[in-house]
Amino acid sequence: MKIGLGLPVDDPAALTTWARRADDGPFSSLGLLDRLVYDNPEPLVTLAVLAGATRRIRLQTEVLISPFRDAAVLAKQAATLDRLCGGRFTLGIGVGAREDDFRAAGADFHRRGHLLDEQMAVLRRLWAGDPYGEGTGPIGPAPVTPGGPEVLFGGFVPAALDRVGRHGDGFLGAGMPPKAMDRLFREVERSWERHARPGRPRLVAQANVALGPDEVVAAARANIRAYYAFSGFADRVAEGLLTTPEQIRDAVAGYGGTGADEVMLYCWASDPGQVERLADVVS
């Protein structure tokens with residue numbers, strides 16, 4: 001089972017340091033979250049920079065809120081990033097849950113699921129090299145990965161899980177303990193079978209982590225509370241932060257028992273020394 005690393009967002013200038021250290025370590029992927037109305041770096045722009053700072057580690061959005069983005073522009077951006085990193089890009093996408101993001105982008109929050117389904121049809125068509133539509137030709141560049149970069153869907157509701165079978169390559173489940181994640185993974189597999197997809201979906205679990213002295217953990221929990229302040233369950237997410245090597249090892253083992261192909265350790269503390277601390281835990 002692979003172990004990936006999620007990047008903090010409160011110090012964008014440090015992310016190239018994080019990326020280089022992770023690239024030299026045991027980690028398989030770098031993940032970066034998305035918001036619009038928030039103090040975070042734009043993920044596609046940031047991952048393009050990190051593509052040039054790394055040589056082997058995968059880069060993924062975790063997850064990109066795509067329904068408020070234009071499908072044709074997103075297709076070009078994702079294909080370009082896939083080319084720039086030599087096929088190391090994974091497009092993790094979801095519908096998002098913050099209405100203010102959609103308000104700022106001028107998109108319809110209440111139609112976001114339908115918008116995502118419509119987007120996926122456009123993305124797959126353009127990545128295959130087909131014209132955008134009548135009177136409009138193809139939109140390049142062609143991605144390195146045939147058919148487009150790997151697409152993982154995030155989410156918790158049945159419609160989100162079923163999108164994996166209809167449109168995706170796999171599923172990314174965030175912030176749930178192994179027992180709950182196991183139920184989601186099994187439903188994703190049932191969706192895959194319902195839609196007669198060959199092979200199996202890739203299954204990725206995400207756990208929130210931070211290692212270090214009390215002040216580092218306190219700052220990480222503050223970052224989580226700020227990010228989830230809209231939700232009503234920010235305190236619960238913050239208290240679920242894994243803060244010891246034993247907790248992290250137990251979680252990784254638990255996710256392994258669910259059949260996860262990869263576990264993303266999403267770090268909410270900003271010091272780059274987290275990379276080595278976490279590497280020591282999982283090596």
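Let us begin with Thr-244, which counts as partly exposed because its relative accessibility is 27%. This threonine sits in the loop between α9 and α10. Please bear in mind throughout that we are looking at a predicted model. What does the side chain of Thr-244 reach? It reaches the backbone nitrogen of Gln-247, at 3.1 Å. Thr-244 may also be compared with Gly-212: the two are 32 residues apart in sequence, and their C-alpha atoms are 8.3 Å apart in space.

The two helices on either side of that loop bring us to the pocket. In the largest pocket there is about 1,200 Å³ of space. The lining consists of 42 residues, and those closest to the centre are Phe-156, Ala-174, Gly-175, Tyr-228 and Phe-233. Which elements each supply at least two residues of this lining? They are the helices α5 (112–127), α6 (158–167), α9 (234–239) and α10 (245–257), together with the strands β6 (150–154), β7 (170–174) and β8. Sorted by class, the lining has 27 nonpolar residues, nine polar residues and six charged residues.

Strand β8 deserves a further look. It covers residues 202–209, and Arg-202 has its place there. Is Arg-202 buried or exposed? Its relative accessibility is 18%, and the limit for a buried residue is under 20%, so Arg-202 counts as buried. Two glutamates make polar contacts with the side chain of this arginine. The side chain of Glu-150 does so at 2.8 Å, and the side chain of Glu-262 at 3.0 Å. Leaving aside residues up to four places away in sequence, Arg-202 also touches several others, among them Gln-60, Thr-90, Leu-152, Asp-169 and Phe-171.

I turn now to the salt bridges. How many does a search of the whole structure find? The search finds 24, and I shall describe a few of them.

One joins Asp-23 and Arg-56, with 3.8 Å between the closest N and O atoms. This pair links distant parts of the chain: Asp-23 belongs to helix α1 (residues 15–23), while Arg-56 is in the loop between α2 (43–53) and β3 (58–61), 33 residues apart. The partners may be considered in turn. Asp-23 is buried, because its relative accessible area is 3%. Arg-56 is partly exposed, because its relative accessible area is 35%.

Another salt bridge is formed by Asp-101 and Arg-35, whose closest N and O atoms are 2.8 Å apart. Here, too, distant parts of the chain are linked, with Asp-101 in helix α4 (residues 99–105) and Arg-35 in the loop between β2 (29–32) and α2, 66 residues apart. Both of these residues are buried.

A further example is the salt bridge between Asp-271 and Arg-277, in which 3.4 Å separates the closest N and O atoms. Asp-271 has a relative accessible area of 24% and is therefore partly exposed. Arg-277 has a relative accessible area of 32%, so this arginine is partly exposed as well.

Finally, there are salt bridges that share partners. They join Asp-117, Asp-162, Arg-163, Arg-166, Glu-187, Arg-190 and Arg-194 into one network.

Terms used:
Residues numbered from 1 in each chain as written. Predicted model: local features only at pLDDT ≥ 70, side-chain atom pairs only at ≥ 80, totals over all residues. Heavy atoms only, no water. Helix = DSSP H or I, 4+ residues; strand = E, 2+ residues; numbered from the N terminus. Buried < 20%, exposed > 50% of the residue type's maximum accessible area, 1.4 Å probe, protein only. Polar contact = N/O pair within 3.5 Å; in protein donor to acceptor, adjacent residues only side chain to side chain. Contact = heavy atoms within 4.5 Å. Salt bridge = Lys/Arg side-chain N within 4 Å of Asp/Glu carboxyl O. 1 Å grid on protein atoms, 1.4 Å probe; cavity = no way out; pocket = protein on both sides within 12 Å on 5 of 7 lines; lining within 4 Å. Points joined across faces, edges and corners; volume = space filled by probe spheres on them. Nonpolar A, V, L, I, M, F, W, Y, C, P; charged D, E, K, R; others polar.
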